[in-house]
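Q: Could you walk me through this model, starting with the ligand and then moving on to the backbone?

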Amino acid sequence: MGSVEGIALRKKPNLTLVLPDDQAGTANIETPPREDSMTIRVAVLGATGTVGQRFIQLLDGHPWFTLAALVGSERSAGRTYAEATRWVLDTPMPAAVGRMSILPDDADLDTPLVFSALPSKTAGAIEQRLARAGHIVCSNASDHRADPDVPLLIPEVNPEHLELIAVQRARRGWSGAIVTNPNCTATGPTMLLRPLHDSFGINKLLLMSMQALSGAGYPGVPSYDAIDNVIPYIGGEEPKVESEPCKMLGQFRNGQIDPAPIAISAHCNRVPVLEGHLECLSIGFTKRPPLDELVATLRNFRALPQELGLPSAPAQPIIVRDEPDRPQSRRDRDAGRGMSTSVGRIRPCALLDYKLVCLSHNTIRGAAGGSLLNAELMYAQGMLHTG
Ligand code: NAP
């Protein structure tokens with residue numbers, strides 16, 4: 001046993017990672033979902049959608065988790081996954097998953113772990129019902145992210161916030177738990193802010209996003225609006241991007257999170273890119289570091305998921321690019337199987353201290369992959385059981 005900021009950590013479970021490092025979700029499509037005593041049975045809510053499909057892809061061949069149930073809306077319940085789903089990913093739909101029947105959203109599930117890719121507003125009540133029934137719910141929806149007793153988690157950033165689960169259970173009287181991952185546009189910047197805030201202290205952040213179409217779900221933005229265009233408004237996005245990093249960078253004290261005192265101003269834009277949110281950041285520090293120290297701090301960042309060797313953890317959570325024109329959405333979004341944040345163009349800023357460009361894959365690290373890593377961390381810490 002080791003410990004990180006007060007949390008007891010188990011050693012890595014003795015299971016083998018089967019996905020090679022340079023691919024995501026390209027496992028053998030004829031392999032049926034495995035069920036054995038070593039794996040945790042999982043359900044995916046909203047399985048037919050953009051994020052739901054990523055879950056199906058990333059769970060295919062997962063060493064610790066076995067897909068056992070799919071949940072959809074009234075439109076899909078009772079149909080097979082293949083019948084109900086307009087599959088949009090480049091890897092084939094796993095054949096065995098295509099034959100599974102979709103359950104309605106009020107079904108009783110027998111899976112200890114539930115991944116939620118439900119739309120916001122729909123998600124809240126369904127996730128609470130499942131947590132009350134004893135399930136661990138790892139959610140992508142925004143409904144519970146700001147709840148003071150719900151962890152908003154990036155395993156490299158704030159693993160100690162899982163201690164909120166005890167607070168949540170005591171307050172709500174349930175045996176399950178809701179754990180959320182952040183808005184996809186908040187994810188990349190927060191990954192960078194963690195080591196920089198720890199080393200130098202950050203007090204201001206100006207952020208301008210160029211967000212992919214897949215961030216709007218499927219079918220998302222009509223093609224007539226998206227092609228040959230940039231849309232300088234994404235409903236509800238900016239307040240989330242301005243508040244969620246402060247919760248994640250906050251300190252867990254006396255059963256609650258004290259948010260980090262960072263003033264964040266965000267401009268969010270939709271651009272005609274399929275996947276990957278590119279963001280331009282200007283950062284103000286309490287004490288301006290030398291440029292080389294800032295770059296080295298980003299380049300050398302490793303955290304608990306890397307130490308534990310979690311299956312979905314990238315070897316490098318932050319990849320610093322030295323070329324003048326990187327990162328780029330299409331060329332760099334799949335770095336670290338879509339789980340690394342790429343950063344480049346790090347240079348002085350005339351308004352704040354430094355400015356840079358960062359890129360994070362919105363449906364992998366910013367959604368399904370992030371949620372999966374949260375669950376892997378909980379498993380490695382002994383919070384998930386096969387029963
Ligand atoms: P989406 O493509 O619109 O998919 C949502 C799915 O939810 C639909 O396919 C629908 O399935 C299902 N659904 C709707 N009502 C339901 C109900 N009552 N019960 C069960 N299933 C229901 O949206 P998405 O992009 O995957 O987003 C899913 C969630 O992840 C949202 O909360 C979103 O904010 C969040 N998120 C998305 C991204 C991203 O990059 N897209 C990133 C981070 C977080 P049917 O086919 O069964 O009707």
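Q: Which pocket is the space taken by the ligand?

A: The ligand takes up the space of the largest pocket, where a pocket, on a 1 Å grid over the protein atoms alone, is an open set of points with protein on both sides within 12 Å along at least five of seven lines. This is a predicted model, in which local features need pLDDT of at least 70 and side-chain atom pairs count only at pLDDT 80 or more, while totals for chains, interfaces and linings use all residues. Residues are numbered from 1 along each chain as its sequence is written, and side-chain values use heavy atoms, with hydrogens and water left out.

Q: OK, and where does the ligand lie relative to the domains?

A: It lies between domain 1 (16-183 + 368-380) and domain 2 (184-362), because both give residues to the shell around it; the domain bounds come from an automatic or database assignment.

Q: Which residues come nearest to the ligand?

A: Thr48, Ser73, Arg75, Ser76 and Leu118 come nearest, out of 26 residues around the ligand, where "around" asks for a heavy atom within 4 Å.

Q: And what polar contacts are there with Ser76, Ser73 and Gly49?

A: Counting pairs of N or O atoms within 3.5 Å, a polar side-chain atom of Ser76 is 2.3 Å from a ligand oxygen, and an N or O atom in the Ser73 side chain is 2.5 Å from a ligand oxygen. For Gly49, a polar backbone atom lies 3.2 Å from an oxygen of the ligand.

Q: Switching to the backbone, which peptide bond before Pro219 is cis?

A: The bond from Tyr218 to Pro219 is cis, with omega near 0 degrees. A cis bond also joins Arg326 and Pro327, where omega is about 5 degrees.

Q: What about Asp228, is its phi positive or negative?

A: Asp228 has a positive phi of about 60 degrees, although it is not a glycine. Most residues other than glycine have a negative phi, and most peptide bonds are trans.

Methods: Polar contact = N/O pair within 3.5 Å; in protein donor to acceptor, adjacent residues only side chain to side chain. 1 Å grid on protein atoms, 1.4 Å probe; cavity = no way out; pocket = protein on both sides within 12 Å on 5 of 7 lines; lining within 4 Å. Sits in = over half its atoms within 2 Å of the grid points.
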